[in-house]
Amino acid sequence: FWLVNPLPIQLFAMAESSAAAATAVPEAPSSTGPLPAERLLAILSELRRHTACVGAERADLRSEHTELSGRLLRLEQELYAEEQIGQDLARRIETLEDAISRERLCCELLTDQSSKSSVSLPSVDSGRGTLLKVDKEAPDVL
């Protein structure tokens, strides 16, 4: 932990320097004796505050990550649905274009035949309306 996160070491050093500045008693530079209890308590308190802040920050990050993951999943599903709708519309357009091409061809054949012969051609009734002839049996739209 100390190697990964140098902040506690820095806090320890800051606490030492601030505690040394706050006390008017000069210490010997080579003093390696135990720290006074007040300084240890101050350092321990600072470390506890830091640990609590880090814990709260981790909880916030976890919550944000969960929220963003859910949002990403929802957006991916929406994108998939939109792609499926786009593919369906492309198929429908292609089908309609094919039907229009067939009707045009049929119309051209009929006009060519009628211009070549003066006899009127009998209409072909397939039981459904075409672009050239409306089906009389089609139900009215309410």
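Charged side chains along helix H2

Arginine 74 and glutamate 78 form a salt bridge in which the closest N and O atoms are 3.0 Å apart. The model is a predicted one. The position of these two residues in the chain helps to place the contact: arginine 74 and glutamate 78 are four residues apart in helix H2, so about one helical turn separates them. Neither side chain of this pair falls in the buried class, because buried means under 20% relative accessible area. Arginine 74 has a relative accessible area of 42% and is partly exposed. Glutamate 78, at 38% relative accessibility, is also partly exposed.

The count of salt bridges in the model comes to four. Two others can be followed further along the numbering, and aspartate 88 takes part in both of them, with arginine 91 and with arginine 92.

Consider arginine 92 to begin with. The side chain of arginine 92 meets that of aspartate 88 in a salt bridge with an N to O distance of 3.1 Å. Both residues belong to helix H2, where they are four residues apart, about one turn of the helix. Arginine 92 has a relative accessibility of 52% and therefore counts as exposed, since the exposed class is set at over 50%.

Arginine 91 also reaches aspartate 88, and here the N to O distance of the salt bridge is 3.8 Å. These two residues lie in helix H2 as well, three residues apart, which is again about one turn of the helix. Arginine 91 is partly exposed, with 49% relative accessibility. Aspartate 88 is partly exposed too, at 27% relative accessibility.

What do the shared partners make of Asp88, Arg91 and Arg92? The salt bridges of arginine 92 and aspartate 88 and of arginine 91 and aspartate 88 have aspartate 88 in common. Through such shared partners, Asp88, Arg91 and Arg92 are joined into one network.

Charge is arranged in another way at lower residue numbers. Glu57, Asp60, Glu64 and Glu67 gather on the surface in a patch of negative charge. A residue can belong to such a patch only with over 30% relative accessible area and no salt bridge. One of the four, aspartate 60, can be placed in helix H2, which covers residues 37-116. Is aspartate 60 buried or exposed? With a relative accessibility of 53%, aspartate 60 counts as exposed, because the exposed class begins over 50%.

Notes
Residues are numbered from 1 along each chain as its sequence is written. This is a predicted model: local features need pLDDT of at least 70, side-chain atom pairs count only at pLDDT 80 or more; totals for chains, interfaces and linings use all residues. Side-chain values use heavy atoms; hydrogens and water are left out. Patches are made of residues with over 30% relative accessible area and no salt bridge: like charges are joined within 9 Å, nonpolar side chains (Val, Leu, Ile, Met, Phe, Trp, Tyr) within 5 Å. Accessible areas come from the Shrake-Rupley method with a 1.4 Å probe; for residues, only the protein chains shown count as cover. Lys and Arg count as positive and Asp and Glu as negative; His and the chain ends are not counted. The place of a charge is taken as NZ of Lys, CZ of Arg, CG of Asp or CD of Glu. Buried means under 20% relative accessible area, exposed over 50%, partly exposed in between (1.4 Å probe, protein chains only).
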